[in-house]
Amino acid sequence: MILDELTAFSNFYGSNEELVLAGGGNTSAKDGNVMYVKASGTQLATITPDGFVAMDRAKLAETLTKAYPNEDDARESAVLADLNNARLPGQGSKRPSVETVLHSLFEQKYVLHLHPSLVNGLTCSRQGRAAAQKLLRRPFIWVDACKPGYVLSKICADELARFKAETGSPCEIVLLQNHGVFVASETVDGLGELLNEVLASFRAAVVREPDFSTGAFDGEKAEKCFAAIRKIYGEDCVITYEPSVEALRFAETPDAAQRVMRPFTPDHIVYCKQYQAYGFCDGCLPGAVQKCLEEHGYRPKIIIISGCGYFAVDETAKGSQTAAALFDDAMKIAAYAESFGGELPMSEELADFIANWEVESYRQKLHEGEA
Ligand SMILES: [Zn+2]
């Protein structure tokens, strides 16, 4: 029963691409001490009851009082082992979402966690916190950018407890800087009302909507770029070409491109990688790709070319299209952030942590069908 409800609202929100891209976002529902949460690597749009993992909430709560190593890798693998141990018997190899402990912290029955471009236009902006305070009519919690997973859960445990002590009721909205939003309610309808309230209040403050109609691109140069990319990545590579007004705007100069070349959220790192290449033409494209390879150890998935827009390159059609969807998302965020004091990317330190985090590379592998 509760699993059917959870599946239905997960599919509903998951199939709205204004709200969910690729494997982003997660949902949960509680039934006493048991919580059903989205398994890592599943997608909200297509998830079935079998895609949720049944968790023991008492065991999840124990992780918050346990002493873990300070070192990132040691801590994350110890936490992952405890998360797996908190699964109820019979869950097979399903791996609970990295945000499972945080879901369990909410005392409300239903929790919806999304990374919508519009919301992140605010959470990835310089004045996001102040703007949210002005725009939202009900009290909420703002969490500054931090390492996702365990570190985020610990911070939220303190913040949610403080909120309850101060206001007398449980928090319904948590905004995570450079990440997304959590809403929590006793009813499924309540989730929708909260989410709509957040979206409508942010939308009302947006001064410029991004434009994804096709712009005036240099077709001849683009053809030459296609050939240059195939020569480097191989004839079998899949290229998604995006000459939208927005892509052309950000491709115009290196400074404009810089605004979208640093990741805003973990999704950008997972699907577009941490670094992209920028060039003025097909002539300097190979050098820009080579520079990324030498400095970071991989060829970029996104190549931005002045006058053309950008090219998303991958071995598979799915990988190429998803990288393009997430790079469009980064441009949307940068455009929306203009309404909130300008964009604010993740710190290099945080981006490095996520890029090297085993849990996120697991998410990427599942998306590619390798794990
Ligand atoms: Zn998230």
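A nonpolar core is a set of buried Ala, Val, Leu, Ile, Met, Phe, Trp, Tyr and Cys residues joined through C-beta atoms within 7 Å. The exercises below use this term on a predicted model.

**Exercise 1. The core**

Find how many residues the largest nonpolar core has, and which helix gives the largest share.

Solution.
Step 1. The largest nonpolar core has 98 residues.
Step 2. V181, A251, I303, I304, Y310 and F327 have the most contacts inside this core.
Step 3. Helix α14 (residues 317-337) contributes the largest share, 11 residues.
Step 4. Domain 1 (2-203) and domain 2 (219-367) each supply at least three residues of this core.
Step 5. Take F327 as a case: leaving aside neighbours within four places in sequence, F327 is in contact with C272, I302, Y310 and A312.

**Exercise 2. Strand β4**

Decide whether the two faces of strand β4 are buried or exposed, and state which strands pair with β4.

Solution.
Step 1. In a regular strand the side chains alternate between the two faces of the sheet.
Step 2. On one side of β4 are Y110, L112 and L114, on the other V111 and H113, and all are buried.
Step 3. Because 5 of the 5 residues of β4 (residues 110-114) are buried, the strand is largely enclosed by the rest of the structure.
Step 4. Strand β1 (residues 26-31) pairs with β4 in the antiparallel sense over 4 bridges, with N26 opposite H113.
Step 5. Strand β7 (residues 180-185) also pairs with β4 in the antiparallel sense, over 5 bridges; there V183 is the bridge partner of L112.

**Exercise 3. Helix α1**

Show where the buried residues of α1 fall around the helix axis.

Solution.
Step 1. Helix α1 (residues 2-14) has 13 residues and reaches 18 Å from first C-alpha to last, close to the 18 Å expected at 1.5 Å a residue.
Step 2. L6, T7, S10, Y13 and G14 are the buried residues of α1.
Step 3. Seen down the axis, these buried residues fall within an arc of 140°, so they line one face of the helix.
Step 4. The exposed residues D4 and A8 sit on the face turned away from the buried side.
Step 5. The cover over the buried residues of α1 includes β1, β2 (34-38), β3 (52-56) and β4.

**Exercise 4. The two domains**

Describe how domain 1 and domain 2 meet.

Solution.
Step 1. The C-alpha centres of the two domains lie 28 Å apart.
Step 2. In contact across the boundary are 29 residues of domain 1 and 29 residues of domain 2.
Step 3. On the domain 1 side, α3 (72-85), α5 (117-123) and α6 (128-135) each supply at least two residues.
Step 4. The largest share of that side, 5 residues, comes from α5.

How values were computed
Residues numbered from 1 in each chain as written. Predicted model: local features only at pLDDT ≥ 70, side-chain atom pairs only at ≥ 80, totals over all residues. Buried ≥ 20, exposed ≤ 12 C-beta atoms within 10 Å, placed from the backbone. Domains from an automatic or database assignment. Contact = placed C-beta atoms within 7 Å. Pairing = 2+ DSSP bridges. Expected span 1.5 Å × (residues − 1). Arc of directions from axis to C-beta.
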